[in-house]
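Grab a pencil and work through these exercises with the model open beside you. Each task comes with a solution that goes step by step.

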Amino acid sequence: MPARQDISSILIIGSGPIVIGQACEFDYSGTQAVSALKEEGYRIVLVNPNPATVMTTPGLADAIYAEPLSADYVREIIAKERPDAVLPTMGGQTALNLALELYEAGTFSEFGVEMIGATVNAIRLAEDRGRFKQLAGELGIEVPNSALIGDLEAALEFKGQSGLPIIIRPSYTLGGQGGSIAETEAEFAELISNALAVSPVHQALVEESLVGWKEYELELVRDKADNTAVICSIENIDPMGVHTGDSITVAPAQTLSDREYQQMRLAAMNIMRKVGVDCGGSNVQFAVDPDTGRMIVREMNPRVSRSSALASKATGFPIARCSAKLSVGYTLDEVVNEITGKTVSSFEPALDYCAVKVPRFELKKFPHGHTQLGTQMKSVGEALAIGRTFPEALNKAVCAAEIGYEGLEELDMGYDGLDKMLETAHPLRLWAAYTVIRREGKRAIAALSTKTGFDPWVLYNLSEIAEVEEELADAGSLHSGSNSGEPGFDLLLRAKRAGLTDRRIARRFGMSAAKLTALRLSLKLQPGYHLVDTCAGEFSAETPYFYSTYGEIDEGDPLGSEAVLIIGSGPNRIGQGVEFDTGCTLASLSYRRRGIKAVMINSNPETVSTDFNISDRLYLEPVHPEFVQSVLQKEGIRKVVVQLGGQTPLNIAEELADSGIEVIGTSVAGIQRTEDRRQFSELMTSLGIRQPRNLTALSVVQVHEYAAEIGYPVLLRPSFVLGGQSMSVAFTEKELELLLHTQLEVDEQHPVLVDQFLEDAFEYDLDLLCDGQNVYIAGLMQHIESAGVHSGDSACVFPAYKTSTEKNQEMYRVATTIARALEVKGLLNIQFALKDEELYVIEVNPRASRTIPFLAKASGVNLVDAAVHVWTGGNLEELGLCTDGFGVGTPLEKWAVKEAVFSFERFERLDPLLSPEMKSTGEVMGSGDSLGEAFLKAQAAAGSTLPKEGAVFVSVHDKDKATILPIVQELSEMGFHILATRGTAEYLFTHGVFPEVVLKLHEGRPNLADYLRSGKVQAIINTPMGQFSQHDDEQVRIQAVKLRIPYTTTSTAAWATLQGIRYARTQQKLVRPLHLSKDLSRN
Amino acid sequence: MQKQVFLVLDDGSLLKGIAFGAVAPTVDEAAKQAEAGIGEVVFNTGMTGYHEILTDPSYIGQLVLMTYPHIGNYGDHEDWSESEVPGIGAAGLIVRSVYRGAVPAGRESLHSFMERRGIPGISGVDTRALTLKIRTSGNQKGMIVSPSEADTLSNAETAACITLLTGYPDMEGRDIVSQLQERREAALDQGLDEGKTAQKAEPARYSKKKNLHVALIDFGYKANIKRELIHRGCRVTILPAGVSRREVDAIGPDAVLLSNGPGDPAVLGGPIQLASDIGKNYPLFGICLGHQIISLAFGAQTYKMKFGHHGLNHPVRDEESGRVYITSQNHGFAVSGEALLPEGLELWMKNANDQTIEGIRHRKKRIASVQFHPEAAPGPYDTLWVFDEFLSIAQGGN
């Protein structure tokens, strides 16, 4: 049966900003859905305010709205576009919840919009834990003993029956947010009230603890004819008790017998049937008691998910793409399996490899006692690796996670520390288990399995890695005296087959990784590449999607030296997210449009770049020098793109260039002149460009000396860091001492950069394109937060909102000078600070910055495409971007605002104060005719509703009082009730504003916390000073995050908030699609 | 200590691996008694179910290569056996990696099970390369062989292996069913009555149908076929492959089911004749080899496939309803194309991937059969309904 003819346009709802629990997997699913439905001839309308995504690239969907994902804005879009149908299953929980809200508000029926992909009933059945439990019961499938509760009393009653521990899950939240395990009587009540607070329906499920059970997920698709297929089974290595997003997982399931697996499969299919998902994908999660085999169904998601993205990459079966086809009436046997090109989608992929996922945490960013994993997801990204065996895949995946390990390595730690890790769900628990096995061998397995819940099969496989390492250690130590030892062919082959990197093996022989690689190549030990073909070799595959292994057949002929390799950005992390994947993806498409073969290497299963349709060839491999080099050798490729994947590819640029590979665009010498502090300072001096004063300290004493020399405040950071990791400002010597004591390590190996900190400066971000000569300023953006807040965390406005034309011109001039001096080919990012009318260059990045996708969308210019044009020998004048060697990008609407989005609610008791250390996980944009409109939309898109009336709480530092005054005055004139702490109130009082004084937390009750809790505060203006703020301030901010009250911590942000509120009071809601201002595709 | 073992193919390829399971014969031993470790190499793409596969009588005369690299992960249990008789099942197992660690309580390791059962195994083989080779050039004969000395196979030994393989019968034209009967009888003499163990399985789950008496003709039936019939309240009588029409009449069943089994269906003259005879008076059904026998009996042709279907993920479309089911499959022969079906037979089901025939029905008589394995074991339960369909056809008018 062909696709439905009775509908012609479809609205797809995206998932909005990247937050923990909802990341770029929905860019992947959304992008797949857009292309799958567009090729059927439908008109596709997309709404997603996340500019960092591929899916919002103009030209992909027919109409793209970067507008807030709220019922009121989407209603406007529906009224304007009049789509026939809406597909809500591609944008995660956000899209499902929004669709339900629009349905309940009657918007769909008002405009005659049909929901496709999942029915309202199915969504409710799957989400409503009470009804789901009943449904499973009717199917004869066991569910955990549980109760749906709306208050503490009911929770206590359940506790009486079942006893502790108890799992608490709030209804309708993302990624298990607000979920917890209550183990003690003392914490029970607090955990319950937390859960109820975060649930939009004020409900939570309390259930018997299955901690320690084995955990499985099945990914299914089902069509309208009831044809159902299980695409992938996933087994969690971490037993129950750790959120599945935080677990190390392996596909396919490893330790289920055929009978156990078939029963689980049948249960999953029956559940999907009963819930009524009849044209799309779903995910069903199970727990199995390792002692009795008792199987319990835990939950079901009637949509594509993080796991389905993972399953798609692990199997080669594009679940989202297929689901989109099913949603418009196809049946599974009508959808061709693109990998083989000849089989159909109504089959179940057979794997002849293991796919292991390792999550990536930001433990250093969120340090305050958040290391124990639980039912609430905390990881910010993940890496997937494929290997022929589990040990190989596991070691590759750990390496791919880029967390400082070359694979699953032993920890340098005593048994006390190891035991602590083994007994809790520590992120490095598997490392701890490996360490014990390394020391004690196989005999440790049984006890370790009992202690950790890791299956003996997993631990046995670790012991096989340990045995190889032991042999390497023996071989290494034999020769340690003579230092001439090297592994023989057989041992080296076994080590490579176990997934050990050259660097890791080399250590055992006291040689460099390069030397070991040379030895390996001289022994003709190169990886072989296998195809991910969905069918274990049964059919020949047409789509070249590869992974590496050793000692086996090598499939696929080399593409040769004309192709380019695009190096991806690896797992998402703070500071390196979907925006870099978008760059890599668009570059691949752009090269291919120009007839040049593009090959992608990346390890992030969530992304669009690891969709096998994006590149001529896809290598799902760690973004690690050894793996990159091997791919280059395999393909005979001589050219690599390192500018687009963030810092990860840039870090290996030098090594690649040294081995004779051409780094496309800006030369490695040019890159080094910006990355090496000394060279950079010399360059700036020679060009006559001002920098903040800076010195590099190699000892604690030097830090103090230099700080005094430069003058406080000073900015401190270790050299070579990403996203401002461990960056801090010290305002006084006392603060400096504390920092050196608690956070910074300084010695000759760990130099610390001491910079003059430009307090209260305005900061700017400038992105440009240069073809070596012509310069196109893609955009000049001004930060809303002041210097001292990481640029990635600051809202920024395009164009700059508070500068003179002269200063803008000066920035353009300086940028052009730098670009030409560095002979930039491609993209360059410069950060400026303006203080007392003096311009400083703070930082220069010789690559695509995180603002490139935002600027591309805000200005309507595909900047990556333009960069590829330059890289393939073109110039910017041909593209119409420059005249007389220069051009400047302007916004499509008058104003565009990019706002950072945080996941603070994941980390209770974490102060959401912004600092030089980046903490945001995602971004959104808003645009409009006024800055107020753009800012309001950006805030709404970020999930923060600016109030039109009510009360504003003000508590500001002395230095900010004068700047805040006019803002508070205007708010007061608008009719806002002003609340203030005593000090601020006194100041306001003497200047004609009459606030109500609110007690600080320690001053008695009712205090500010009580006001917040009782809903008496609609916005907060609270500017602290320095990193070591008062306990009070911290508590206020933590409360605000929990209660979703807009809060600002700088005076400029308060000013922007005022603009937004002013616009909000006009009640206007205008929606405008993104479009291209310059179509580059003809060049 | 790990022991070296070799896989020799009839094209002269020699693959080295690590031994597990029963000790593979040396070439001299194999020459004397050529059964264990020798046969046609087939690959199976199932990611679970190695135990059921190893004990499936249809694999007699075949070495099974599992394409999934980790085999043995969850251990083995005799309850899962499709046949409990040593020698009735696969002749050897070829894997990338075999698990040698602890298995759940009450189970035994794959190594120990295969050792007990007399099945040799070889691990550490590049199973993907071998799979691609079979996909490209079709099934090959192979043998798992122990070196007589040290850990290499001498040139003379390799040459002797190839001679043995050349002399080993081709699957095409091979009657393995009669061989199976001999082994069954030998097993009975040793007190191993397979029928009994299958019968004790589980009580009936379905009671709505009248208790039918089904004669299951044993060409190498999988125990789960019998279990599924018993679950449906049937009384099952197992009859040997060489049974005569008169013997069937003597027990007077309500329906006859021709089981799965090994080898080439086209050479089974007796069974084909029997099917054509009893199809006149009895509701007649078939699974796998049984399906091929019925097809041949009513005028269709069969042919040897290049490498067959062996896996748990094959899509089969019911041509009447349009529904597609994921099925368990294990066959190297198939019924020739739709266009070649004789007038009396109609197409019931087709493979959605390669359009081969997966099920036929008689236009007038109560006869139906399927190529795939509705009894699963191993594999998905999607087509258990086929048993209900058979029984319902059996009960429908006359």
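**Exercise 1: the end of an open sheet**

Strand β22 (residues 639-641) of chain A pairs with β23(A) in the parallel sense over two bridges. Strands here are DSSP runs of E with at least two residues, helices are runs of H or I with at least four residues, and both are numbered from the N terminus. Strands count as paired if DSSP finds at least two bridges between them. Before going on, note that this is a predicted model: local features need pLDDT of at least 70, side-chain atom pairs count only at pLDDT 80 or more, and totals for chains, interfaces and linings use all residues. Residues are numbered from 1 along each chain as its sequence is written, while chains are lettered from A and ligands numbered from 1 in the order in which they are written.

Task: find the bridge partner of A:V640 in β23(A), then place the pair in its sheet.

Solution.
- Step 1. A:V640 has A:V663 as its bridge partner.
- Step 2. Zoom out to an open sheet of seven strands, ordered β17-β18-β21-β20-β19-β22-β23 (chain A), with mixed pairing.
- Step 3. The edges belong to β17 (527-531) and β23 (662-663) of chain A; each has a single partner strand, so one side of each lacks a neighbour in the sheet.

**Exercise 2: follow an edge strand across the chains**

Task: work out which helix of chain B packs against β17 of chain A, and what else that helix touches.

Solution.
- Step 1. The helix is α4(B), whose buried residues pack against β17 of chain A. In chain B they pack against β3 (38-44), β4 (62-66), β6 (92-94), β9 (140-145) and β14 (302-318). Packing rests on contacts, meaning C-beta atoms, placed from the backbone, within 7 Å.
- Step 2. List the buried residues of α4 (127-137) of chain B: B:T127, B:R128, B:L130, B:T131, B:L132, B:K133 and B:I134. Buried means that 20 or more other C-beta atoms lie within 10 Å of the residue's own; 12 or fewer makes it exposed, anything in between partly exposed, with C-beta atoms placed from the backbone.
- Step 3. Look just past the helix, where B:G138 takes a positive phi of about 85°.

**Exercise 3: two sides of a helix**

Task: sort residues of helix α8 (185-198) of chain A into buried and exposed, and say what the buried ones pack against.

Solution.
- Step 1. The buried set is A:F188, A:L191, A:I192, A:A195, A:L196 and A:V198.
- Step 2. These residues sit on the same side of α8(A), because they cover an arc of only 160° around the axis. The arc is taken from the directions from the helix axis to the C-beta atoms.
- Step 3. Flip to the other side of α8(A) and you'll find A:A186 and A:E190 exposed.
- Step 4. The buried residues pack against α7 (152-162), β7 (166-170), β8 (180-182) and β9 (204-208) of chain A.

**Exercise 4: a strand with two partners**

Task: describe how β9(A) is covered and paired.

Solution.
- Step 1. β9(A) is mostly covered, with four of its five residues buried.
- Step 2. Strand β6 (residues 146-149) of chain A runs antiparallel to β9(A) and is joined to it by four bridges. Here A:L148 stands opposite A:L205.
- Step 3. β7(A) also pairs with β9(A) in the antiparallel sense, over five bridges. A:R169 stands opposite A:L205.

**Exercise 5: cores and the whole chain**

Task: locate the largest nonpolar core, then judge chain A overall.

Solution.
- Step 1. The largest nonpolar core has 453 residues, and those with the most contacts inside it include A:V356, A:V564 and A:L768. Such a core is a set of buried Ala, Val, Leu, Ile, Met, Phe, Trp, Tyr and Cys residues joined through C-beta atoms within 7 Å.
- Step 2. A second, separate core of 15 residues includes A:A155, A:I168, A:F188 and A:L196.
- Step 3. Chain A holds 36 helices and 40 strands. Its radius of gyration is 28 Å, close to the 31 Å that the globule rule gives for 1083 residues, so chain A is as compact as a globular protein of that length. The radius is taken over C-alpha atoms, and the rule is 2.2 Å times the number of residues to the power 0.38.
- Step 4. Of the 1083 residues of chain A, 60% count as buried.
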